[in-house]
Amino acid sequence: MNELNETDCFPLRVVRIRSNGKRDYDPIAKRRLVELCRRPGVSIARLALKKL
């Protein structure tokens with residue numbers, strides 16, 4: 001698999017907004033984000049704050 005970087009996953013694309021307001025996101029981008037977060041040395045908090 002090719003090398004992932006932080007910009008590959010953001011912004012997550014909303015594919016549906018449910019009637020109760022919950023959002024469903026693109027599953028492929030979501031999977032990439034999880035793979036990025038599982039890498040050693042990656043700060044999940046830093047990623048979350050960076051993309052606010």
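R18 comes out as partly exposed, at 38% relative accessibility; here buried means under 20% relative accessible area, exposed over 50% and partly exposed in between, worked out with a 1.4 Å probe on protein chains only. The model is a predicted one, so local features need pLDDT of at least 70 and side-chain atom pairs count only at pLDDT 80 or more, while totals for chains, interfaces and linings use all residues. Residues are numbered from 1 along each chain as its sequence is written, and side-chain values rest on heavy atoms, with hydrogens and water left out.

The side chain of R18 meets that of D24 in a salt bridge, 3.0 Å from N to O. The term covers a side-chain nitrogen of Lys or Arg within 4 Å of a carboxyl oxygen of Asp or Glu. D24 also has a salt bridge to R16, this one at 2.8 Å, N to O. R16, R18 and D24 are thus linked in a network of salt bridges. R16, like R18, counts as partly exposed, with 45% relative accessibility, whereas D24 is buried at a relative accessible area of 18%. The side chains of D24 and R16 also make a polar contact at 2.8 Å; that label goes to a pair of N or O atoms within 3.5 Å, where within protein one must be able to donate a hydrogen and the other to accept it, and residues adjacent in sequence count only if both atoms are side-chain atoms.

What does the backbone look like around this network? D24 is found in strand β2, which spans residues 23-25. Helices (H or I, at least four residues) and strands (E, at least two) are DSSP runs, numbered from the N terminus. Strand β1, residues 14-17, runs antiparallel to β2, and 3 bridges join the two; pairing of two strands calls for at least two DSSP bridges between them. One piece of that ladder puts R16 opposite its bridge partner D24. In the hairpin of β1 and β2, 5 residues sit between the strands, and G21 takes a positive phi near 95°.

D24 has a good list of partners once its neighbours within four places in sequence are set aside: R13, V14, V15, R16 and R18 are in contact with D24, contact meaning heavy atoms within 4.5 Å. For V14, which is 10 residues away from D24 along the chain, the C-alpha to C-alpha separation is 5.8 Å.

Next comes D26, in the loop between β2 and α1, a helix covering 27-37. Is D26 buried or exposed? D26 is buried, with a relative accessible area of 17%. Beyond its neighbours within four places in sequence, D26 is in contact with R13 and V15. With R13, D26 forms a salt bridge whose closest N and O atoms are 3.9 Å apart. R13 belongs to the segment before β1 and D26 to the loop between β2 and α1, so the pair ties together parts that are 13 residues apart in sequence. The structure holds 3 salt bridges.

The surface also carries a nonpolar patch made by V14, I17 and Y25, with about 240 Å² of accessible area together. Areas of this kind come from the Shrake-Rupley method with a 1.4 Å probe, and for residues only the protein chains shown count as cover. Patches take residues with over 30% relative accessible area and no salt bridge, joining like charges within 9 Å and nonpolar side chains (Val, Leu, Ile, Met, Phe, Trp, Tyr) within 5 Å. Of these patch members, I17 is found in strand β1 and counts as exposed, at 52% relative accessibility.
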